[in-house]
Amino acid sequence: MDENAFFREATLRLCSSLAIEKGMSACLKHMRRYMPGHKLFLEYYESDLGALRTMAMATEDEGTPCDVLTPMEDLLLDGSIESPAPSDLDRVFCVNRAKGDPLSQVLLKRFQEPEESSILWIILAVETRVMGALTLIAKGVDRFTGEDARLFALLREPFTIAMSNTLEHRQVVRLKDLLADDNRYLQNEIGRLTGEEIIGADFGLKGVMEMVGQVAQLTSPVIITGETGAGKEVIARAIHNLSKRKQGPFIKVNCGAIPETLMDSELFGHEKGAFTGAVSQKRGRFERADGGTIFLDEIGELPPEAQVRLLRVLQEKEFDRVGGSRPVHVDIRVIAATHRDLGAMIREGRFREDLFYRLQVFPIPIPPLRQRLGDIPALIQHFITKKSREMGLGEMPPLAMGAMDRLKAYPWPGNVRELENTVERALILSKGKPLEFSELHSPPPGSAAQPPAVSGPESLELDSVVTAHIERVLKMTGGRVEGEGGAAELLGVNHSTLRHRMRRLNISFGRRSRTS
């Protein structure tokens with residue numbers, strides 16, 4: 001027979017599948033054309049445990065992954081695996097009458113084979129380092145010949161390499177699973193540290209959270225609008241955590257913090273050699289967000305070229321890396337946020353109108369802190385607790401008399417972020433005394449053009465608040481009351497009910513609105 005042909009075909013079949021048990025089954029089917037044998041067992045040696053672990057078993061019909069550990073003393077090997085003689089590394093242990101051989105009896109028992117069997121057994125090693133063992137079992141006695149043992153020995157090297165590759169692949173898969181688990185844990189920790197519980201969800205942000213609940217389970221793009229520091233990222237994380245993608249990544253991109261020359265590379269990645277300094281392939285933020293959510297903060301800062309590529313991602317779910325020739329397909333959800341007036345930017349030619357309408361599927365406006373003064377007590381308590389823990393304070397200082405009134409009278413141009421920094425500054429200055437917030441007597445410089453929410457007794461009337469909210473939503477929808485994306489849909493009320501309320505509040509709509 002042609003030994004080279006036997007060796008080549010056996011090796012090709014063994015390497016025909018990433019699952020080694022399937023490759024072993026294909027290889028055994030080929031081996032049976034030249035020698036007897038109905039089962040093949042592959043084991044690797046765990047030196048730290050001093051044991052052999054069976055990792056796969058195969059017949060000519062199927063392969064099965066295994067995980068059976070056998071201590072060396074149970075195999076009666078007396079350390080010959082740990083420090084084998086050089087001659088043993090080339091030897092084929094052939095037992096044709098297994099009934100009288102102690103080692104064969106142990107092997108047959110652990111492999112659950114009858115005593116009337118024949119065994120071929122070889123040690124798999126790289127140089128002098130033992131990797132494991134390969135066992136071939138045939139039913140009956142006196143089944144194997146010297147020719148069978150010689151052919152079996154030819155497979156020592158391909159099985160050693162295949163086993164080593166399988167162990168490396170399993171390690172990579174295990175580390176990948178660990179990384180995914182760590183990523184989920186870190187995402188949960190980030191959510192907890194940044195405020196998993198949204199303060200004001202039952203009060204000032206109740207309407208926002210109702211909208212979050214409506215859109216979270218969908219895959220539609222969302223755009224969050226609101227002033228700087230109002231909590232747009234917190235709402236974006238809430239949408240992600242309530243969605244079916246919560247086990248996937250949440251990738252945040254601050255569009256205003258990336259230099260325009262690096263924008264394409266950061267967002268979409270690049271191929272090796274795409275430009276000077278591109279020494280290796282790099283995945284961009286969109287590719288890293290595959291299977292999860294990408295949060296594009298300050299979307300209004302995105303340059304025109306990146307806007308075009310973003311539009312393609314939204315429409316076709318694909319993009320090209322810089323220097324790449326093949327499209328990269330991604331499964332992502334896009335959540336954008338901005339404090340800018342995108343409508344004005346469109347009129348000025350600084351933002352694409354088609355991209356705006358693609359993002360404007362479900363807008364969520366976040367009211368500024370001065371319009372939800374009822375949330376301030378809960379926010380103050382939350383930040384005092386959080387900052388006291390971070391600063392290692394033994395006791396949390398109380399609020400001084402009149403402090404809450406000063407906090408509610410202040411316009412908070414920096415919104416929740418400014419409130420958090422104010423609390424931290426007050427804790428540093430208090431030295432254990434009650435927190436006074438005395439510096440909030442007057443608005444900070446540059447905020448005079450931003451009137452406080454309470455300018456007179458009429459500003460607290462319910463009708464005034466409702467009127468302002470309806471007018472804000474109408475402005476978002478371009479005056480459209482009913483239909484998909486209309487004000488009635490965003491407000492969660494019937495369009496006829498909304499029209500009735502608008503008439504009562506003297507809010508113009510339809511022809512009257514266009515005339516005015």
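**Exercise 1. Find which residue forms a salt bridge with Arg340, and place the pair in the chain.**

Step 1. Arg340 pairs with Glu301, and the closest N and O atoms are 2.8 Å apart. A salt bridge here is a side-chain nitrogen of Lys or Arg within 4 Å of a carboxyl oxygen of Asp or Glu.

Step 2. Arg340 sits in the loop between E12 and helix H12 (342–347), while Glu301 sits in the loop between E9 and helix H11 (304–316), so the salt bridge ties together parts that are 39 residues apart in sequence. Helices (H or I, at least four residues) and strands (E, at least two) are DSSP runs, numbered from the N terminus.

Step 3. Now for accessibility: buried means under 20% relative accessible area, exposed over 50%, and partly exposed in between (1.4 Å probe, protein chains only). Arg340 has 34% relative accessibility, so Arg340 counts as partly exposed. Glu301 has 33%, so Glu301 counts as partly exposed too.

A word on the ground rules: this is a predicted model, where local features need pLDDT of at least 70 and side-chain atom pairs count only at pLDDT 80 or more, while totals for chains, interfaces and linings use all residues. Residues are numbered from 1 along each chain as its sequence is written, and side-chain values use heavy atoms, with hydrogens and water left out.

**Exercise 2. Work out where Glu271 and Arg321 lie, and whether each is buried or partly exposed.**

Step 1. The side chains of Glu271 and Arg321 meet in a salt bridge, at 2.9 Å from N to O.

Step 2. Glu271 is in the loop between helix H9 (263–268) and helix H10 (285–288), and Arg321 is in the loop between strand E10 (318–320) and strand E11 (327–329). The pair links distant parts of the chain, 50 residues apart.

Step 3. Glu271 is partly exposed because its relative accessibility is 21%. Arg321 comes in at 12%, so Arg321 is buried.

**Exercise 3. Say how many salt bridges a search of the whole structure finds, and look at some others.**

Step 1. The search turns up 28 salt bridges.

Step 2. One of them joins Arg312 to Glu318, with the closest N and O atoms 2.9 Å apart. Arg312 is partly exposed at 25% relative accessible area, whereas Glu318 is buried at 13%.

Step 3. There's also a network of salt bridges that links Lys386, Lys387, Glu390, Glu420 and Glu424.

**Exercise 4. Give the strand order of the open sheet of five strands, and say which strands stand at its edges.**

Step 1. The order is E8-E9-E12-E7-E13, with parallel pairing. Two strands pair if DSSP finds at least two bridges between them.

Step 2. Strand E8 (250–254) and strand E13 (362–365) are the edge strands: each has a single partner strand, so one side of each is left without a neighbour in the sheet.

Step 3. Direction ignored, neighbouring strands of this sheet are turned by 20° against each other on average.

Step 4. Zoom in on strand E9 (residues 293–297) and strand E12 (residues 333–338): they run parallel, joined by four bridges. Phe295 has Ile335 in E12 as its bridge partner.

**Exercise 5. Do the strand order and edges for the open sheet of six strands, then find the helices that pack on the sheet.**

Step 1. Here the order is E3-E2-E1-E6-E5-E4, and the pairing is antiparallel.

Step 2. Strand E3 (63–71) and strand E4 (92–95) take the edges, each with a single partner strand, so one side of each lacks a neighbour in the sheet.

Step 3. From one strand to the next, the twist averages 20°.

Step 4. Strand E2 (residues 51–58) and E3 pair in the antiparallel sense over seven bridges. Ala58 has Gly63 in E3 as its bridge partner.

Step 5. Helix H2 (residues 20–31) lies across strand E1 (39–46), E2, E3 and strand E6 (129–139), at about 65° to E2. Helix H5 (residues 146–154) packs on the sheet and touches E1, E4, strand E5 (117–126) and E6, with its direction making about 30° with that of E5. Contact means heavy atoms within 4.5 Å. Axes are lines fitted to C-alpha atoms, for helices over the stretch in contact, and angles run from 0 to 180 degrees between N-to-C directions.
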